[in-house]
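Student: I have the sequence and the model open, and I'd like to zoom in on one spot. Could you start with a single side chain, say what it does there, and then work outwards to what else is worth a look?

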Amino acid sequence: MLLAIHGSITAQQVSQVMGMDKAAVSRCFKVLQAKGLTVMGLSASDGRLRIATLTPKGRALHDQILDIALERERALLTVLSASERETLLRLLKRVHENLPAVEAATAAYVSSRDRRAV
């Protein structure tokens, strides 16, 4: 979805937005590339950064999945009033905005565990 929105994106950017491990995102990018859904290139501003871009085949799959996802979302949310849907989206946005704090807490936890293992 982020590829479709941004046109091209790095694994680091995806991991920051989604709160996922960068290595896991990189593995996903490799699978997408192997299936011909993306192409990988180097950043013009930083030749170390690999940037994923959707291929026409990838865009077509995205569009197909988007239609299904929107229909599922519509069906899922039919049990909520308009006000409840607004509340749900507002709460989900707050949780998503808290991902940097979650990443920091996770890094601190892992770091403290690593020190105790030494």
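Tutor: Let's start with R74, which counts as partly exposed because its relative accessibility is 48%, between the 20% limit for buried and the 50% limit for exposed. Keep in mind that this is a predicted model. R74 makes a salt bridge with E71, and the closest N and O atoms of that pair are 2.5 Å apart. Why can these two pair up along one helix? Both sit in helix α4, which covers residues 56-77, and they are three residues apart, so about one helical turn separates them. E71 is partly exposed as well, because its relative accessibility is 40%.

How many salt bridges are there in the whole structure? There are two, so after R74 and E71 there's one left to look at, and that's E97 with K93, where the closest N and O atoms are 3.8 Å apart. For scale, a pair counts as a salt bridge if the nitrogen and the carboxyl oxygen are within 4 Å. The helix this time is α5, residues 82-97, and E97 and K93 are four residues apart in it, so again about one helical turn lies between them. K93 counts as exposed because its relative accessibility is 55%.

Now over to the sheet. It is open, has three strands in the order β1-β3-β2, and pairs them antiparallel. β1 (8-10) and β2 (38-42) are the edge strands; each has a single partner, so one side of each is left without a neighbour in the sheet. On average, neighbouring strands here are turned by 35° against each other, if you ignore direction.

Go along the pairings on your screen. β1 is joined to β3, residues 50-54, by three bridges, and the two run antiparallel. In that pairing, S8 has T53 as its bridge partner in β3, and I9 has A52. On the other flank, five bridges join β2 to β3, also antiparallel. A52 turns up again there, with M40 standing opposite A52. So A52 is a handy landmark: I9 is its bridge partner, and M40 stands opposite it. As you click through, remember that side chains in a regular strand alternate between the two faces of the sheet.

Next, the helix that covers part of this sheet. α2 lies across β1 and β3 and runs at about 80° to β1. Q13 is one of the residues in α2, and it is partly exposed because its relative accessible area is 37%. If you want a distance to try out, the C-alpha atoms of Q13 and L37 are separated by 19 Å, and the two residues are 24 apart along the chain.

Further along, V17 is in α2 too, a helix made of residues 11-18. V17 counts as partly exposed because its relative accessibility is 31%. It belongs to a nonpolar patch on the surface with M18 and M20, and together these three have about 230 Å² of accessible area. V17 qualifies for that patch because its 31% is over the 30% cut-off for patch residues.

Methods: Residues numbered from 1 in each chain as written. Predicted model: local features only at pLDDT ≥ 70, side-chain atom pairs only at ≥ 80, totals over all residues. Heavy atoms only, no water. Patch = residues over 30% accessible without salt bridge, like charges linked within 9 Å, V, L, I, M, F, W, Y side chains within 5 Å. Areas by Shrake-Rupley, 256 points an atom, 1.4 Å probe, with all protein chains shown as cover. Salt bridge = Lys/Arg side-chain N within 4 Å of Asp/Glu carboxyl O. Buried < 20%, exposed > 50% of the residue type's maximum accessible area, 1.4 Å probe, protein only. Pairing = 2+ DSSP bridges. Axes fitted to C-alpha atoms, helices over the stretch in contact; angles between N-to-C directions. Contact = heavy atoms within 4.5 Å.
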